[in-house]
Amino acid sequence: MSRSLPLRNVTVVITRPAGTAGPLARRVRKLGGIPISVPGLSLRATEDASAVDAALRRALGGDVLIFTSPAAVRFAADVLPLATQATVVAVGRGTARALKTANVPDARFPEKSQDSEGVLAMPELAELAGRRVALVGAPGGRGLLREQLARRGALLDEIHVYHRVAPRIDRRHIDPLLKLGRRSAVLLSSAEALDHLRRALIAPAWRKLVQAVAVVSSERMREIAVEAGFERVAVARSALPGDLLKAATEVSFTGR
């Protein structure tokens, strides 16, 4: 493996939502890799913008705002400025960066476990009885944050600023997968995206995909990837593109 081009001749499957893979694909090329985009999700803004606007205005005047993804930040910021005196919590470093871009520089996030469990372990969320807490994101998911925040006595408001839908998968996505060899990796940070791909891909393409190295964003995603059929899994520090790519460069690829 070349130090200057650590992903030389490695095909990297990017599963980011439709229309968002470009910057990551460019980074893969700079590392010598061959990027292909196979979106696991498509993101859509919530149609009732006036209801979202009203809900966000209430939340910005509350005690705690929790943003569940960078997409949640982007879609919320498209509705109105996110200026607030509330404590702002991000589920991970990438979400905190998105908040900084949206002029919310002081968001807190879990340093180690950048997932729902990590958020729930933060001292800022230990005492929530009677406090107005807004959970900003999309419908679906495990529901762990919603359940535990309510159990802690939070006056909880869920604000769905966008929703996730199945992507359109066609021959543009399937044909490159059918050519995958052992020197290939797939970047995974969403269980829902992986499930969509498992349902959408034809059987030969899915079999090729699970033969790649799954570079996952957390231990939880590692378990999900193994259950889905991946035999080679590498765990990145977080879902940040840089962390996923760093983990990919540390994989020992074998075979052609």
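This note goes through one sheet and one helix pair in a predicted model.

1. Residue numbers start from 1 along each chain as its sequence is written. In this predicted model local features need pLDDT of at least 70 and side-chain atom pairs count only at pLDDT 80 or more, while totals for chains, interfaces and linings use all residues, and side-chain values use heavy atoms, with hydrogens and water left out.

2. Five strands (DSSP runs of E, at least two residues, numbered from the N terminus) form an open sheet of 5 strands in the order β2-β1-β9-β10-β11, with parallel pairing, where a pair requires at least two DSSP bridges. Because β2 (34-37) and β11 (233-235) each have a single partner strand, one side of each is left without a neighbour in the sheet. From one strand to the next the twist averages 25°.

3. Within that sheet, β9 (residues 184-188) and β10 (residues 213-216) run parallel and are joined by 4 bridges, and L188 stands opposite V216 in β10.

4. Helix α11 (helices being DSSP runs of H or I, at least four residues) lies across β9, β10 and β11 and runs at about 145° to β10, with angles taken from 0 to 180 degrees between N-to-C directions and axes fitted to C-alpha atoms, for helices over the stretch in contact.

5. The axes of α1 (residues 22-30) and α11 (residues 241-249) come within 11 Å and cross at roughly 35°. In the contact (heavy atoms within 4.5 Å), L24, R27 and V28 of α1 meet P241, G242 and L245 of α11, and by class there are 4 nonpolar, 1 polar and 1 charged residues, with Ala, Val, Leu, Ile, Met, Phe, Trp, Tyr, Cys and Pro counted as nonpolar, Asp, Glu, Lys and Arg as charged, and the others, Gly among them, as polar.
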